[in-house]
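Trainee: I would love to walk through this structure with you, one question at a time. Shall we open it up?

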Amino acid sequence: MPTKGSDVRIFVDEFDFSGSSSSVEISAAVGVLDYPVLNSATEVTEPGTSMASISHNGYMTGAAAGSLEPEMYDRLGTGDADVSVILGVSATIPVGYVVADTYADAMSVNMPVKELMTITGKWAASDTFRRGVALPLTAISATGAQTGYDAGATGSDGGFAIIHVTSITGTATSATVTVQGAAASNFAGASTLATLTFSAVGSYTITWSGATGRHLRFNATSLGGATGFSLAGVICSTGVTG
């Protein structure tokens with residue numbers, strides 16, 4: 001069945017803006033390079049540089065820190081924002097798109113009479129545009145493995161992962177979440193691919209090289225002294241998920 005737009009979530013750094021966003025559009029394109037040659041009567045092309053951006057529209061909900069308007073404005077033309085969009089949070093395998101180390105390159109506030117104030121913005125293209133399996137926002141109060149997902153094939157060229165830590169209960173000092181990969185869906189003999197360490201809310205990214213298992217998951221290995229925390233994340237297997 002088609003996936004509803006209400007089954008989508010968007011995260012910018014430590015903020016879950018799903019409750020104040022009305023629409024999100026992911027645009028990806030690849031440049032086309034022409035190279036005419038003497039022995040070909042037809043046009044010959046090669047793929048050029050790929051680009052991706054995320055259009056992000058929502059509502060004015062106030063000017064307090066953590067609201068969409070001030071946070072997008074603070075990242076207008078500057079900063080190193082990490083933006084993730086998770087499609088199908090209730091699906092068997094949610095899909096995540098990530099534009100990392102980006103900034104807002106457009107923003108407008110619309111104020112029609114007798115209507116809600118709305119915000120129209122866009123997160124600029126970045127060198128880091130990835131697609132992967134996604135863990136929807138999850139409250140974690142004990143160490144342990146989170147939901148695992150089938151990436152569809154075993155990767156051999158490393159990968160990329162991101163987590164958005166949206167809240168921490170108590171104080172965390174060097175809390176750790178690992179990325180695990182395995183050949184089997186029960187994660188027997190799972191390998192640790194990378195370790196993400198954090199002590200505050202925010203977004204955290206990491207890459208790794210080499211083999212990546214077909215089945216992927218996050219594993220909370222230390223709360224860092226905190227009572228718990230909430231996070232969402234995306235795991236990308238290069239050459240498999242994107």
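**Strand pairing, salt bridges and a buried phenylalanine**

Mentor: Happily! Let us start with one pairing: in β8, asparagine 110 has threonine 118 as its bridge partner. Keep in mind that this is a predicted model.

Trainee: Which residue in β8 is the bridge partner of tyrosine 59?

Mentor: Start from the strands: β4 covers residues 45-59 and β8 covers residues 118-123, and the two run antiparallel. Tyrosine 59 has its bridge partner in β8. That partner is threonine 118.

Trainee: And how many bridges join β7 to β8?

Mentor: These two strands run antiparallel. One residue of β8 to look at is threonine 118, the bridge partner of asparagine 110. The number of bridges joining β7 to β8 is six.

Trainee: What is the strand order in the open sheet of four strands?

Mentor: We have seen β8 joined to β4 by six bridges and to β7 by six bridges. The pairing in this sheet is antiparallel, with an average twist of 15° from one strand to the next. The order reads β3-β4-β8-β7.

Trainee: Which strands stand at the edges, and why is one side of each left without a neighbour in the sheet?

Mentor: Look for strands with a single partner strand. Because each edge strand has just that single partner, one side of it is left without a neighbour in the sheet. The strands are β3 (21-34) and β7 (104-110).

Trainee: Which residues make up the covered face of β8?

Mentor: In a regular strand, side chains alternate between the two faces of the sheet. In β8, Thr118, Thr120 and Lys122 form the uncovered face. Glycine 121, the bridge partner of histidine 56, belongs to the other face. The covered face is Ile119, Gly121 and Trp123.

Trainee: On to charges. Which residues are joined into one network by salt bridges that share partners?

Mentor: Aspartate 13 meets arginine 75 in a salt bridge at 2.9 Å, N to O. This pair links distant parts of the chain, with aspartate 13 in the loop between β1 and β2 and arginine 75 in the loop between α1 and β5, 62 residues apart. Glutamate 71 also meets arginine 75 in a salt bridge, at 2.7 Å. The network therefore follows from shared partners in salt bridges, each a side-chain nitrogen of Lys or Arg within 4 Å of a carboxyl oxygen of Asp or Glu, and its members are Asp13, Glu71 and Arg75.

Trainee: Are aspartate 13 and arginine 75 buried or exposed?

Mentor: Glutamate 71, which pairs with arginine 75, is buried. Aspartate 13 and arginine 75 are both buried.

Trainee: Why does arginine 214 count as partly exposed?

Mentor: Arginine 214 forms a salt bridge with aspartate 150, with the closest N and O atoms 2.7 Å apart. Aspartate 150 is partly exposed too, with a relative accessible area of 26%. Partly exposed lies between the cut-offs of 20% and 50%, so arginine 214 counts as such because its relative accessibility is 32%.

Trainee: Last one: what is the relative accessible area of phenylalanine 229?

Mentor: Phenylalanine 229 lies in strand β17. The residues it touches include Thr138, Ile140, Val165, Val177, Phe198 and Leu223. Buried means under 20%, and phenylalanine 229 is buried because its relative accessible area is 2%.

Methods. Residues are numbered from 1 along each chain as its sequence is written. This is a predicted model: local features need pLDDT of at least 70, side-chain atom pairs count only at pLDDT 80 or more; totals for chains, interfaces and linings use all residues. Side-chain values use heavy atoms; hydrogens and water are left out. Buried means under 20% relative accessible area, exposed over 50%, partly exposed in between (1.4 Å probe, protein chains only). Contact means heavy atoms within 4.5 Å. Two strands pair if DSSP finds at least two bridges between them. Axes are lines fitted to C-alpha atoms, for helices over the stretch in contact, and angles run from 0 to 180 degrees between N-to-C directions. Lists of a residue's contacts leave out its neighbours within four places in sequence.
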